[in-house]
Protein chains: 2
Amino acid sequence: MPDQEGEELVERAEPGTEMEIVHLLRAVAVDLGRHSTRFAQRNGMHPTDVRALIALMDAARAGEETTAGHLGTALGLNSAGTTALVDRLERAGHVRRVRDARDRRKVTIEVDERAVALGWSHFGPLIDRAVDLLRGYDERELAAVRGFLTGMREAAV
Amino acid sequence: MPDQEGEELVERAEPGTEMEIVHLLRAVAVDLGRHSTRFAQRNGMHPTDVRALIALMDAARAGEETTAGHLGTALGLNSAGTTALVDRLERAGHVRRVRDARDRRKVTIEVDERAVALGWSHFGPLIDRAVDLLRGYDERELAAVRGFLTGMREAAV
DNA sequence: ACAAGTATCTTGCTGAGCGAGATAATAGAG
DNA sequence: CTCTATTATCTCGCTCAGCAAGATACTTGT
């Protein structure tokens with residue numbers, strides 16, 4: 001048997017029940033994961049590499065520098081694994097290592113512009129679709145979605 | 001540096017915007033993934049093993065038998081990887097291999113009752129919390145949540 | 001029967017991530 | 001100002017999930 005692309009076992013609960021939405025949320029989580037994985041494979045990366053780029057871009061948008069150690073902590077890797085991860089990303093040209101001028105033990109990781117563009121070209125359409133959907137909602141509907149997602153985040157800790 | 005548990009880099013968009021909800025959804029997907037991973041590690045399993053158990057239980061609930069090949073396809077593994085996966089799960093006592101009586105090339109995988117109970121003890125509270133939350137919603141709010149999640153699933157293909 | 005097809009398993013390998021410890025730089029006590 | 005403790009990253013050797021290729025076992029169509 002050759003290799004194949006993963007395919008969801010679609011499962012459903014009785015329509016209209018709360019359980020239906022619970023299953024739907026799980027399905028969305030799985031589908032988003034697969035969406036990331038596909039992006040990774042298309043660009044010769046591993047899921048962890050994509051998670052790393054997202055973490056780096058998030059921090060950059062929040063105006064924070066990310067050191068190697070920071071990144072490893074965020075991803076749950078130990079120091080050896082973090083070094084290997086940054087090596088891979090650097091070798092692929094997605095990030096640069098920059099020695100911190102103030103504390104020269106630190107290495108800050110900078111994302112290459114082309115990696116950012118690559119990410120947008122893949123995740124942009126998904127984000128656009130989400131924003132489109134939500135524009136059709138009134139304030140109470142938005143609050144419902146927000147409340148449900150926030151509640152699930154808190155419960156998943 | 002010893003190993004550590006992953007921790008989310010919390011990022012936010014301007015409150016009240018659609019982008020806030022987009023980020024929230026992504027955060028939920030990440031948190032649910034981490035919730036699964038934690039379950040895996042606590043029980044000496046790998047993320048793939050948990051995905052496999054969930055796929056098996058989903059199929060069982062839908063009244064379908066799952067063969068080794070089926071399972072591998074659902075998880076995106078090739079046949080060698082699938083054999084190794086089932087070996088691990090069987091060694092841990094979570095599943096049993098049962099030769100199909102009609103077609104004796106096939107091996108159907110049955111989940112052990114204790115694995116089911118174990119899963120419920122971990123994911124049950126999360127599901128309960130979700131159902132609780134949703135019980136407070138009226139029909140229009142439920143439709144909003146359902147519509148958003150369904151739309152995101154379709155967009156993530 | 002028997003050739004072709006299908007389902008699973010075996011073998012040997014690659015590579016992500018771990019544990020332990022080396023190396024380099026900073027900070028704090030005296 | 002130097003010596004020690006601490007912090008940040010990297011190196012080395014290893015384990016194990018998953019892959020490619022092919023072996024094995026069973027079924028089906030002719």
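**Two chains and a DNA strand**

Let's start at the DNA: α3 (68-75) and α4 (79-91) of chain A, along with α4 (79-91) of chain B, each supply at least two residues of the surface near DNA strand D. Keep in mind that this is a predicted model. Which helix gives the largest share of that surface? That is α4(B), with six residues. In total, 26 residues surround DNA strand D. If you want to find the closest ones on screen, look for Thr67(A), Gly69(A) and Ala80(A) from chain A, and Ala80(B) and Gly81(B) from chain B. As for the chemistry, the surface near DNA strand D is a mix of nine nonpolar, nine polar and eight charged residues.

Now stay with α4(B) and look at its neighbour in the chain B copy. The axes of α3(B) (residues 68-75) and α4(B) come within 9 Å and cross at roughly 110°. An angle of 65 to 115 degrees counts as roughly perpendicular, so α3(B) is roughly perpendicular to α4(B). Where do the two helices touch? On the α3(B) side you'll find Ala68(B), Leu71(B) and Gly72(B), and they meet Ser79(B), Gly81(B), Thr82(B) and Val86(B) in α4(B). There isn't a charged residue in this contact; by class, it has three nonpolar and four polar residues. You've met Gly81(B) already, as one of the residues closest to DNA strand D.

Next, zoom out to see how a chain is laid out. Chain A is divided into three parts: domain 1 covers 13-42, domain 2 covers 47-111 and domain 3 covers 113-157. Between domain 2 of chain A and domain 3 of chain A, the C-alpha centres lie 25 Å apart.

That brings us to how the two chains meet. Their contact takes 55 residues from chain A and 56 residues from chain B. On the chain A side, at least two residues each come from α1 (18-42), α2 (47-61), α3, α5 (113-135) and α6 (139-155). Of these, α1(A) gives the most, with 13 residues. By class, the side of chain A that touches chain B has 31 nonpolar, ten polar and 14 charged residues.

Finally, how are the two copies related? Superposing chain A on chain B takes a rotation of 180° with 0.0 Å of shift along its axis, and the RMSD is 0.0 Å. That is the relation of a two-fold axis. Why do we say that the copies meet through the same surface? Because 100% of the interface residues of chain A are also interface residues in chain B.

Methods:
Residues numbered from 1 in each chain as written. Chains lettered and ligands numbered in written order. Predicted model: local features only at pLDDT ≥ 70, side-chain atom pairs only at ≥ 80, totals over all residues. Least-squares fit on C-alpha atoms with pLDDT ≥ 70 in both. Contact = placed C-beta atoms within 7 Å. Domains from an automatic or database assignment. Near = placed C-beta within 6 Å. Helix = DSSP H or I, 4+ residues; strand = E, 2+ residues; numbered from the N terminus. Nonpolar A, V, L, I, M, F, W, Y, C, P; charged D, E, K, R; others polar. Axes fitted to C-alpha atoms, helices over the stretch in contact; angles between N-to-C directions. Parallel < 35°, antiparallel > 145°, perpendicular 65-115°, else oblique.
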